[in-house]
Amino acid sequence: MLMTPGPTRIPQRVRQAMAREIQNPDLDPDFAKLYEKLEEKLQEVYGTKNDVLILGGEGILGIEASIASMMNQGDKVLCISNGIFGDGFADFVKMYKGEPTLCSVPYGQELDLEIVESAMEEDFKLATIVHCETPTGVLNDITPILKTLKERGVITIVDAVSSLGGCHVPVEYIDVCIGGSQKCFSSAPGLTTVSISETAWKVIENKEQNTYYTSFKPWKDTWYGRREFPYTHLVSNIYGLDEAINMLLEEGLGNVYSRHKECAKLCRDLGRNMGLELYPSQERLSSPTVTAFELEGRAREIPVMLNKRYGILLGTSLGSLKNDVLRVGHMGANAHEHLVKETMSAAKRCL
Ligand SMILES: *Cc1c(COP(=O)(O)O)cnc(C)c1O
């Protein structure tokens with residue numbers, strides 16, 4: 001029983017959709033129709049009229065491509081961070097020879113608008129920010145920061161891989177918003193979804209293209225121009241994502257968000273009842289999609305026992321937190337009361 005914060009469990013309907021016989025994605029007009037509809041459904045999930053690209057690759061591809069597609073050598077990028085994924089953006093900026101300014105607070109702490117504002121005394125072309133920092137379980141309140149960035153004309157890139165489809169994401173303030181198939185969408189790992197504003201398209205088109213697979217630019221003349229794909233698309237993954245999005249829209253986004261909130265609350269209440277402490281301790285910072293518990297030095301041992309005895313897999317954390325933080329991923333198809341209850345009661349017995 002997969003209760004990790006991604007990849008999540010994959011519902012049977014999605015798995016069956018992936019098992020269908022494939023169409024030729026480049027030659028079959030019916031595939032193009034399915035794909036166009038899927039793009040429209042994704043716009044509904046994103047709450048935007050912006051184009052939503054689906055790239056053949058894991059969420060990291062969307063992150064790398066956002067830098068590779070928009071940043072020139074020497075460009076200044078403000079990387080706002082309170083976690084591993086936030087810091088990771090700065091690494092991509094360096095890799096592509098840009099100049100990152102890391103504007104960060106310690107992991108698990110709240111982002112601070114004032115610190116961001118003082119960093120903005122310099123001029124930046126782009127800014128990056130993570131909505132849900134999955135390794136710490138923190139959902140960042142990004143709207144005030146995004147508003148400020150937009151007022152200054154900075155292009156905003158948001159990693160919403162582990163929040164999109166589980167709670168509201170303020171896409172209206174985001175130029176490039178990155179989602180992933182294996183988190184709240186609960187389809188197989190392998191696709192990343194990226195919404196691109198008009199402003200972002202202009203930046204992409206004006207940049208000299210020096211990569212292919214990690215660039216959004218080829219999509220402009222291929223799919224958005226001639227209705228061809230820049231490469232053979234991951235057909236079976238597309239079928240899976242399409243069915244996953246159908247399920248989401250059938251349930252209704254409002255209901256899906258409430259289900260996540262309720263599961264998060266249940267998970268935290270059950271955790272507290274067995275003496276666990278939240279990480280970070282302020283519940284208002286915690287994401288509706290993942291709960292992190294502090295288990296000093298024991299965060300590796302508990303999931304091993306849980307898996308061996310009950311066949312339930314939980315996440316630990318990454319980097320310096322890996323021995324101290326245990327995470328329950330109640331996102332997507334994992335976000336059901338009975339699954340959270342079963343997980344937490346098994347965890348209790350292990351503890
Ligand atoms: C999962 C995730 C990604 C994608 O990276 P993985 O290789 O799947 O870990 C990117 N950003 C965030 C915030 C994520 O949670």
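This is a walk through the structure in your viewer, one selection after another, beginning with the two domains and ending with a few unusual backbone positions. Keep in mind throughout that the model is predicted.

**The two domains**

Begin by colouring residues 12-249 and residues 253-350 separately, since the domain assignment of the protein chain gives these ranges as domain 1 and domain 2. Taken over C-alpha atoms, the centres of domain 1 and domain 2 are separated by 26 Å.

Next, display the residues on either side of the boundary: 24 residues of domain 1 are in contact with 23 residues of domain 2. The area buried between domain 1 and domain 2 is about 1900 Å², and carbon and sulfur atoms give 63% of that area. The rule finds one salt bridge across this interface of domain 1 and domain 2. For a salt bridge to look at closely, select Glu110 and Arg284, whose closest N and O atoms are 3.0 Å apart.

**The largest nonpolar core**

Now show the side chains of Leu55, Met70, Leu78, Leu149, Phe216 and Trp219, which are the residues with the most contacts inside the largest nonpolar core, a group of 79 residues. Helix α2 (residues 29-46) supplies the largest share of this core, namely eight residues. Because domain 1 (12-249) and domain 2 (253-350) both contribute residues, this core lies between them.

Centre the view on Phe216 and, leaving aside neighbours within four places in sequence, list its contacts, among them Leu53, Leu55, Ala65, Val176, Val194, Ile196, Trp201 and Ile204. Apart from the largest core lies another one, of 23 residues, which you can locate by selecting Cys263, Leu295, Val340 and Met344, all of them among its members.

**Strands β1 and β4**

Select strand β1 (residues 51-56), which is largely enclosed by the rest of the structure, because five of its six residues are buried. Extend the selection to β9, which pairs with β1 in the antiparallel sense over six bridges. One position to pick out along this pairing is Gly56, whose bridge partner in β9 is Leu191.

From there, move to Ala127 in strand β4 (residues 126-130). Is Ala127 buried or exposed? Its relative accessible area is 2%, so Ala127 counts as buried. When residues up to four places away in sequence are not counted, Ala127 touches Leu78, Leu149, Val154, Ile155, Thr156 and Ile157. Two of these contacts, Leu78 and Leu149, you have already displayed among the residues with the most contacts inside the largest core.

**The three-stranded sheet and His260**

Turn to the open sheet of three strands, whose order is β10-β11-β12 and whose pairing is antiparallel. Its edge strands are β10 (277-278) and β12 (325-329), each of which pairs on one side only. Strand β11 (residues 290-294) is joined to β12 by five bridges, and along these strands you can find Ala292 standing opposite Arg327 in β12.

With the sheet still displayed, add helix α10 (residues 253-273) and pick His260 within it. His260 has a relative accessibility of 0% and therefore counts as buried. Which residues surround His260, not counting those up to four places away in sequence? His260 touches Gly165, Gly166, Pro288, Thr289, His330, Met331, Gly332 and Ala335.

**Unusual backbone positions**

The last stops concern the backbone, and the background is that most residues other than glycine have a negative phi, and most peptide bonds are trans.

Go first to the peptide bond from Gly6 to Pro7, which is cis, with omega near -10 degrees; Pro7 is found in the segment before α1 (12-18). Then select the bond from Tyr279 to Pro280, also cis, with omega near -15 degrees; Pro280 lies in the loop between β10 and β11.

For positive phi values, select Lys97, where phi is near 65 degrees, in the loop between α4 (84-95) and β3 (99-104). Lys97 counts as exposed, because its relative accessibility is 52%. Finish at Ser186, which has a positive phi of about 55 degrees although it is not a glycine, in the loop between β8 (176-180) and β9 (191-196). Ser186 counts as buried, because its relative accessibility is 2%.

Note on methods. Residues numbered from 1 in each chain as written. Predicted model: local features only at pLDDT ≥ 70, side-chain atom pairs only at ≥ 80, totals over all residues. Heavy atoms only, no water. Core = buried A, V, L, I, M, F, W, Y, C linked by side-chain atoms within 4.5 Å. Buried < 20%, exposed > 50% of the residue type's maximum accessible area, 1.4 Å probe, protein only. Helix = DSSP H or I, 4+ residues; strand = E, 2+ residues; numbered from the N terminus. Domains from an automatic or database assignment. Contact = heavy atoms within 4.5 Å. Pairing = 2+ DSSP bridges. Buried area = accessible area lost by both parts, 1.4 Å probe. Salt bridge = Lys/Arg side-chain N within 4 Å of Asp/Glu carboxyl O.
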